[in-house]
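Here is a short report on how the helices pack, how the strands pair and what surrounds the ligand. Please keep the structure open while reading.

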Amino acid sequence: DQMMHPSDYYQFDDLLTSEEQAVRMKVRECMEKEIAPIMTQYWEKAEFPFHVVPKIAALRIAGGTIKGYGCPGLSITGAAISVAEVARVDGSCSTFLLVHSSLAMLTIALCGSEAQKQKFLPSLAQLNTIACWGLTEPDYGSDASALRTTATKVEGGWILEGQKRWIGNSTFADVLVIFARNATTNQINGYIVKKDAPGLTATKIENKIGLRMVQNGDILLKKVFVSDEDRLPGVNSFKDTSKVLAVSRVMVAWQPIGISMGVYDMCHRYLKERKQFGAPLAAFQLNQQKLVQMLGNVQAMVLVGWRLCKLYESGKMTPGQASLAKAWTSSKARETVSLGRELLGGNGILADFLVAKAFCDLEPIYTYEGTYDINTLVTGREITGLASFKPAS
Ligand code: FAD
């Protein structure tokens, strides 16, 4: 079976429609042939490989589930499996796409006006223009709803003033979705800022130990003018931002799944090929135990991710369910990949053997889109009816 990799132990493909299988195959082939050979080199240099963007664009996965406006209109499972197949080969590449597609494009699709959707989405879907999504600030990470960047009404538009931190793709994005506090109503609003807006600068954050290829930036907004037509009419409070996050967390939950699949497949092959004490590494009980533990984790993660997609499709998914899946897959993937790192011995610390790179890439994934703890508290609030984000005073 062409689709069968050792990590597909419970034959996940049988759960997919033929369209979803085709997307999976198309993404897998492109990632393995075109992208895998160059990723380590760019990861090491901490540079973004702009020349692969047309290859990713040709896959027609940017825009994911969005229908119309030149977007692919994939099923949520199809979109999720495309994220996993990209992440299977490279975490940075999948993060680049997620920020662009599941955060920025989705915000425009869910909260934008008809005119904004027509103006921005077609070119973003083709990756002719690139987007970023700016919520986090230097002093407001987990506590993002308290953000301090302000939007003040002036004739014909708004003046944005403040700072953003960690924003992926921001150093080269053409379109920046920025969240700011309306100076009059005190509510969170959303704005589309263009790359060349006077007063806007984005500086690359250096020395990351994970997702090194992704260009994360510190954004400075100094009296940046945004016209009325570029305010997102559907973002009127932090709740609207949370709605986007709940959907994009479905996609983010699939990144650790894809990364774990890639690592398991690599380890499975490696243990059969390398010999010590006159036998393949795969023949030792301790190694088999680690391999089987990894495999069990991957199967459970895939099934949780798949069920989450089905709940979403039937309109029943809750934010707590999405948060639990994101927190749980990123934590299980950390365990899985660290076992893989052990199994490769010394080669487990070389980026060239995939596993060490995956090990590092999982660290920011564990932390972004809500840390493990914050997503735990989102689910905790949902199942108990009691919010515990703020310490008791
Ligand atoms: P903090 O909020 O300072 O948290 C530190 C620790 O305290 C964590 O362990 C956290 O879980 C814990 N903690 C905080 N509050 C509580 C609480 N109430 N209860 C229990 N524990 C708590 N943001 C964007 O807007 N756009 C992006 O594109 C983007 N990309 C990113 C890419 C990378 C590589 C990274 C690292 C981050 C990115 N982020 C982005 C920001 C990311 O979402 C934040 O880092 C994240 O929300 C955590 O915020 P913080 O780093 O300020 O940590």
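The sections below take the strands, the helix pairs and the ligand shell in turn.

## Basis

This is a predicted model. Residue numbers start from 1 along each chain as its sequence is written.

## Strand pairing

Start with strand β2, residues 150-154. β2 pairs with β3 in the antiparallel sense, over 5 bridges. Here A151 faces L160 of β3. The two strands form a hairpin with 2 residues between them. In that turn, G156 has a positive phi of about 80°. β2 also pairs with strand β4, residues 175-182. That pairing is parallel and has 2 bridges. A151 appears here too, with N182 of β4 as its bridge partner.

Now take strand β7, residues 216-227. β7 runs antiparallel to β3, and 9 bridges join them. Q163 has L220 of β7 as its bridge partner. Strand β6, residues 200-204, is also antiparallel to β7, with 5 bridges. T201 is again matched with L220 in β7.

In a regular strand, side chains alternate between the two faces of the sheet.

## Helices α6 and α7

Two packed helices are described by the angle between their axes and the distance between the axes. How do helix α6 and helix α7 pack? α6 covers residues 238-273, and α7 covers residues 285-313. Their angle is about 155°, and their axes lie 9 Å apart. An angle over 145 degrees counts as roughly antiparallel, so α6 and α7 are roughly antiparallel to each other. The crossing is left-handed.

On the α6 side, the contact residues include W254, I257, M261, Y264 and L271. On the α7 side, they include L291, M294, V298, M301 and Y312. By class, this contact has 18 nonpolar and 5 polar residues, with no charged residues.

## Helices α4 and α6

α6 also packs against helix α4, residues 91-111. Their axes come within 10 Å and cross at roughly 155°. α4 and α6 are therefore roughly antiparallel to each other. This crossing is right-handed.

From α4, the contact takes in L98, L103, L106 and L110, among others. From α6, the contributors include D240, K243, V247, M251 and I259. The class count for α4 with α6 is 10 nonpolar, 7 polar and 2 charged residues.

## Helices α8 and α9

Helix α8 spans residues 319-343. The axes of α8 and α9 come within 9 Å and cross at roughly 160°. That makes α8 roughly antiparallel to α9. The crossing of α8 and α9 is left-handed.

Residues of α8 in the contact include A333, R334, V337 and R341. They meet residues of α9, among them F359, L362, I365 and Y366. By class, the contact of α8 with α9 has 9 nonpolar, 4 polar and 2 charged residues.

## Around the ligand

Which residues come nearest to the ligand? There are 20 residues around the ligand, and T136, G141, S142, T371 and D373 come nearest. Four elements each give two or more residues to this shell. They are β1 (131-134), β3 (157-168), α9 (355-367) and α10 (372-384).

By class, the shell has 11 nonpolar, 8 polar and 1 charged residues. Two of its elements appear in the sections above. β3 contributes to the shell and is joined to β7 by 9 bridges. α9 contributes to the shell and packs roughly antiparallel to α8.

How values were computed: This is a predicted model: local features need pLDDT of at least 70, side-chain atom pairs count only at pLDDT 80 or more; totals for chains, interfaces and linings use all residues. Axes are lines fitted to C-alpha atoms, for helices over the stretch in contact, and angles run from 0 to 180 degrees between N-to-C directions. Angles under 35 degrees count as roughly parallel, over 145 as roughly antiparallel, 65 to 115 as roughly perpendicular and the rest as oblique. A crossing is left-handed if the near helix is turned anticlockwise from the far one by less than a right angle, and right-handed if clockwise. Two residues are in contact if their C-beta atoms, placed from the backbone, lie within 7 Å. Ala, Val, Leu, Ile, Met, Phe, Trp, Tyr, Cys and Pro count as nonpolar, Asp, Glu, Lys and Arg as charged, and the others, Gly among them, as polar. A residue is near a molecule or strand if its C-beta atom, placed from the backbone, lies within 6 Å of it. Two strands pair if DSSP finds at least two bridges between them.
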